[in-house]
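Welcome! Please take a moment with the sequence and the model shown here, and then read on for a short tour.

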Amino acid sequence: KDTRLRGILTFMKGTAETVAPECHDMYKLHLRPNPTNVPNNRIDHNDQVLKTRREKYNAVVSKIKEAHDRGQPVLVGTASVEASELVGKMLKRAKIPCSILNAKYHRQEAEIIQNAGQKGAVTVSTNMAGRGTDIKLAQGVPEAGGLFVIGTERYESRRVDRQLRGRCLRQGDPGMSQFFISAMRLLASAAQPDTGRGESASKKV
């Protein structure tokens, strides 16, 4: 949020550090990072790069199953409504129950987010859905590793990636995150840097 006091503009945002140069160039604002209230207990795993989209989504489902079997809740971030529904269908085929949070189910957003921290829960959402809402961990979840956030691709903006990762960092709660990327997507982005805004999920996987 921002406030104006005596002609001075102050601004607070959790992921603004990644756009510090832009804030300085455009608004002449200097950013200063503040330490977190409690230490960061999140484990950020290295990205997993798979050759094709099919391999990537299969790896995502396998990772979700591992966490689900040990009782660890999972939040899966996708870039579009189509991608979230695709992951939901694949989980259904794998007999892994899940909740889907996207623009089609915005009325159930509060209930879905409330249950996202339950033991073994799997929530699939677009990366923008449910932002600003704490996901509280149920009893026994911290011992299982906390909330596991899985990103199905990297955004062009690091700020959006950090927002997704931050969903499993609530007041020192344990958690972990990992992104899965297809090499084909990386090559396509390099060839057409102005077109990529998330992988299309309309193709059959």
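## A loop after a helix

Lysine 95 sits in the loop between H3 and E6; here helices (H or I, at least four residues) and strands (E, at least two) are DSSP runs, numbered from the N terminus. This is a predicted model, in which local features need pLDDT of at least 70 and side-chain atom pairs count only at pLDDT 80 or more, while totals for chains, interfaces and linings use all residues. Residues are numbered from 1 along each chain as its sequence is written, and side-chain values use heavy atoms, with hydrogens and water left out.

Is lysine 95 buried or exposed? Lysine 95 is exposed, because its relative accessible area is 72%, where buried means under 20%, exposed over 50% and partly exposed in between (1.4 Å probe, protein chains only). The phi of lysine 95 is near 60 degrees, a positive value in a residue other than glycine. For comparison, most residues other than glycine have a negative phi.

## The chain as a whole

The protein chain has six helices and nine strands. Of its 205 residues, 41% are buried. Contact means heavy atoms within 4.5 Å. Among contacts between residues at least 6 apart in sequence, 73% join residues at least 24 apart.

## Helices H3 and H5

Back to the helix just before lysine 95. H3 covers residues 81–93, and its 13 residues should span 18 Å at 1.5 Å a residue, the expected span being 1.5 Å times one less than the number of residues. The end C-alpha atoms of H3 are 19 Å apart, which agrees. Which residues of H3 are buried? They are Ala83, Ser84, Glu85, Leu86, Val87, Gly88, Met90 and Leu91. Their cover includes helix H2 (53–69) and strands E5 (74–78), E6 (99–101) and E7 (122–126).

Helix H5 (residues 158–165) has Val160, Asp161, Gln163, Leu164 and Arg165 as its buried residues. Among what covers them are strand E3 (42–44), E5, E8 and E9. Glycine 166 is in the loop between H5 and E9. With a relative accessible area of 30%, glycine 166 is partly exposed. Its C-alpha atom is 8.9 Å from that of arginine 42, although the two are 124 residues apart along the chain.

## Two nonpolar cores

A nonpolar core is a set of buried Ala, Val, Leu, Ile, Met, Phe, Trp, Tyr and Cys residues joined through side-chain atoms within 4.5 Å. Which members of the largest core touch the most other members? Of its 20 residues, these are Ile64, Val74, Leu91 and Ile150. H2, E5, H3, E7, E8 and strand E9 (175–182) each give two or more residues to this core. Apart from it lies another core of 11 residues, including Ile112, Ile135, Val149 and Phe179.

Leaving aside neighbours within four places in sequence, isoleucine 64 is in contact with Val74, Val76, Leu91, Ile96, Val122 and Ile150. Turning to the other core, isoleucine 112 lies in helix H4 (residues 109–115). Isoleucine 112 is buried, with a relative accessible area of 11%. With neighbours within four places again left out, isoleucine 112 is in contact with Ser99, Ile100, Leu101 and Thr123. Isoleucine 112 and serine 125 are 13 residues apart in sequence, and their C-alpha atoms are 9.9 Å apart in space.

## A cavity and its surroundings

The structure holds one cavity of 30 Å³ or more. On a 1 Å grid over the protein atoms alone, a cavity is a set of points where a 1.4 Å probe fits but cannot get out, and lining residues have an atom within 4 Å of a point. The largest cavity has a volume of about 30 Å³, a volume being the space filled by probe spheres set on the points. Its lining consists of Ile135, Leu137, Leu147, Arg167, Cys168, Leu169, Arg170, Asp173 and Pro174.

One of these lining residues, leucine 147, belongs to strand E8. Leucine 147 counts as buried, at 1% relative accessibility. Glycine 146 is in the loop between E7 and strand E8 (147–151). Why does glycine 146 count as buried? The reason is its relative accessibility of 0%. Beyond neighbours within four places in sequence, glycine 146 is in contact with Gln72, Pro73, Leu137, Val141, Pro174 and Gly175.

Definitions and conventions. On a 1 Å grid over the protein atoms alone, a cavity is a set of points where a 1.4 Å probe fits but cannot get out, and a pocket is an open set with protein on both sides within 12 Å along at least five of seven lines; lining residues have an atom within 4 Å of a point.
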